[in-house]
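Please open the model in your viewer and keep the selection tool at hand. The tour below goes from stop to stop, saying at each one what to select and what is there.

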2 protein chains.
Amino acid sequence: MAEVEQRVSLITLGVADLGRARRFYEALGWSTNAAPDDDVVFFQAGGMIVALWDRANLAEDSAVEDGGGWGGITLAHNVRSPAEVDSVVARAERAGARIARPPAKTFWGGYSGVFVDPEGHPWEVAHNPRWVLAKDGSVTLG
Amino acid sequence: MAEVEQRVSLITLGVADLGRARRFYEALGWSTNAAPDDDVVFFQAGGMIVALWDRANLAEDSAVEDGGGWGGITLAHNVRSPAEVDSVVARAERAGARIARPPAKTFWGGYSGVFVDPEGHPWEVAHNPRWVLAKDGSVTLG
């Protein structure tokens, strides 16, 4: 039985209001080829894909019960400097996110803040001086 | 204010039992440079990173309330054929996952199954004939 390749292909974010969610990510500067009335919105995100889909449908398709809140997964978006953390968090706030943790130095020696998207999904925006960010945005452990 | 690059750097999975979670992902064939007693385990996953960390710490760090169950995010691992879906799901089951949805044809024209890792995080294992998988495992929308 072959080993499972060490990678993630797709992250699907369950949403209560697809139009609101889509507008939020587009307001960050993201673009999609989804048609206006598509019921799933796919964003190419480097070598993987981020999708927005109805949360109840996603729970059923994932064969899980929806706990209703946060469920133990947090995404992070790493950037190249503390100033860029501030800029991304500010842009997220302007796009409609709630700032759950304002940018500040962290216990692990970096600098980060957390915004929560309009659907309740938190994103940490971080500068980690030990990780390597390539020009294409891919991240490598230091 | 610059646009936010369209990418994810890090997915952190909150876990109740770090040793159990680490053994599960290692049993899939994943490898980490984390020391045996590290309290965070990082896996390089293509151009991004997957981390395992204590779920209560992650909730606090993310400034969110833990709903206790699934929280509206499902990950997927795409492979190159229906047979490979079967193989990955079987390997996950042998590693200790619960099979929440056995592999079968899907409504969107692909083939997939869902396993739930020992910490309650569902993964869809999918073959989507319309998406392009490169040799390095990166996925591109068709």
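The stops that follow begin with the two chains together, then turn to cavities, aromatic rings and a loop residue. Keep in mind throughout that this is a predicted model.

**The two copies**

Begin by colouring chain A and chain B separately, and ask what rotation superposes chain A on chain B. The answer is a rotation of 180° with 0.0 Å of shift along its axis, which gives an RMSD of 0.0 Å. The two copies are therefore related as by a two-fold rotation axis. To find where chain A comes nearest to that axis, select A:Gly71, whose C-alpha is the nearest one in chain A and lies 1.7 Å from the axis. If you then select the interface, you will find that 100% of the interface residues of chain A are also interface residues in chain B, so the copies meet through the same surface.

**The largest cavity**

The structure holds three cavities of 30 Å³ or more, and the largest has a volume of about 60 Å³. Staying with A:Gly71, add A:Trp70, A:Gly72 and A:Ile73 from chain A, which are among the residues that line this largest cavity. From chain B, the lining takes in B:Gly69, B:Trp70, B:Gly71, B:Gly72 and B:Ile73, together with B:Gly120, B:His121 and B:Pro122. Sorted by class, the lining of the largest cavity has five nonpolar residues, seven polar ones and no charged ones.

**The second largest cavity**

Next, select A:Tyr25, A:Leu28, A:Trp30, A:His77, A:Val88, A:Phe115 and A:Trp123, and then add B:Val4 from the other chain, since these residues line the second largest cavity. The space inside the second largest cavity comes to about 40 Å³. Which classes of residue make up its lining? Seven are nonpolar, one is polar and none is charged.

**An aromatic cluster**

Keep A:Tyr25, A:Trp30, A:Phe115 and A:Trp123 selected and add A:Phe24 and A:Phe43, because these residues form one aromatic cluster under the rule that rings pair if their centres lie within 6.5 Å. Over all chains, the count comes to 20 aromatic pairs. Look at A:Phe24 and A:Tyr25, an edge-to-face pair with 4.9 Å from centre to centre and 85° between the planes; both residues are buried. The rings of A:Tyr25 and A:Phe43 have their centres 6.2 Å apart and their planes at 50°, so this pair is tilted. With A:Tyr25 in helix H1 (residues 18-28) of chain A and A:Phe43 in strand S2 (residues 40-45) of chain A, the pair ties together parts that are 18 residues apart in sequence. The C-alpha atoms of A:Phe43 and A:Tyr25 are separated by 9.2 Å.

Now centre the view on A:Phe43, which counts as buried at 0% relative accessibility. Leaving aside residues up to four places away in sequence, A:Phe43 touches residues of chain A including A:Trp30, A:Met48 and A:Leu52, and from chain B it touches B:Gln6 and B:Leu141.

**A loop residue in each chain**

Finally, select A:Ala63, in the loop between helix H2 (55-62) and strand S4 (73-78) of chain A. The phi of A:Ala63 is near 60°, a positive value in a residue other than glycine, and A:Ala63 counts as partly exposed at 30% relative accessibility. In chain B, select B:Ala63, which has a positive phi of about 60° although it is not a glycine, and which counts as partly exposed at 32% relative accessibility.

Conventions
Residues numbered from 1 in each chain as written. Chains lettered and ligands numbered in written order. Predicted model: local features only at pLDDT ≥ 70, side-chain atom pairs only at ≥ 80, totals over all residues. Heavy atoms only, no water. 1 Å grid on protein atoms, 1.4 Å probe; cavity = no way out; pocket = protein on both sides within 12 Å on 5 of 7 lines; lining within 4 Å. Points joined across faces, edges and corners; volume = space filled by probe spheres on them. Nonpolar A, V, L, I, M, F, W, Y, C, P; charged D, E, K, R; others polar. Least-squares fit on C-alpha atoms with pLDDT ≥ 70 in both. Contact = heavy atoms within 4.5 Å. Phe/Tyr/Trp six-rings, centres within 6.5 Å; stacked < 30°, edge-to-face > 60°. Buried < 20%, exposed > 50% of the residue type's maximum accessible area, 1.4 Å probe, protein only. Helix = DSSP H or I, 4+ residues; strand = E, 2+ residues; numbered from the N terminus.
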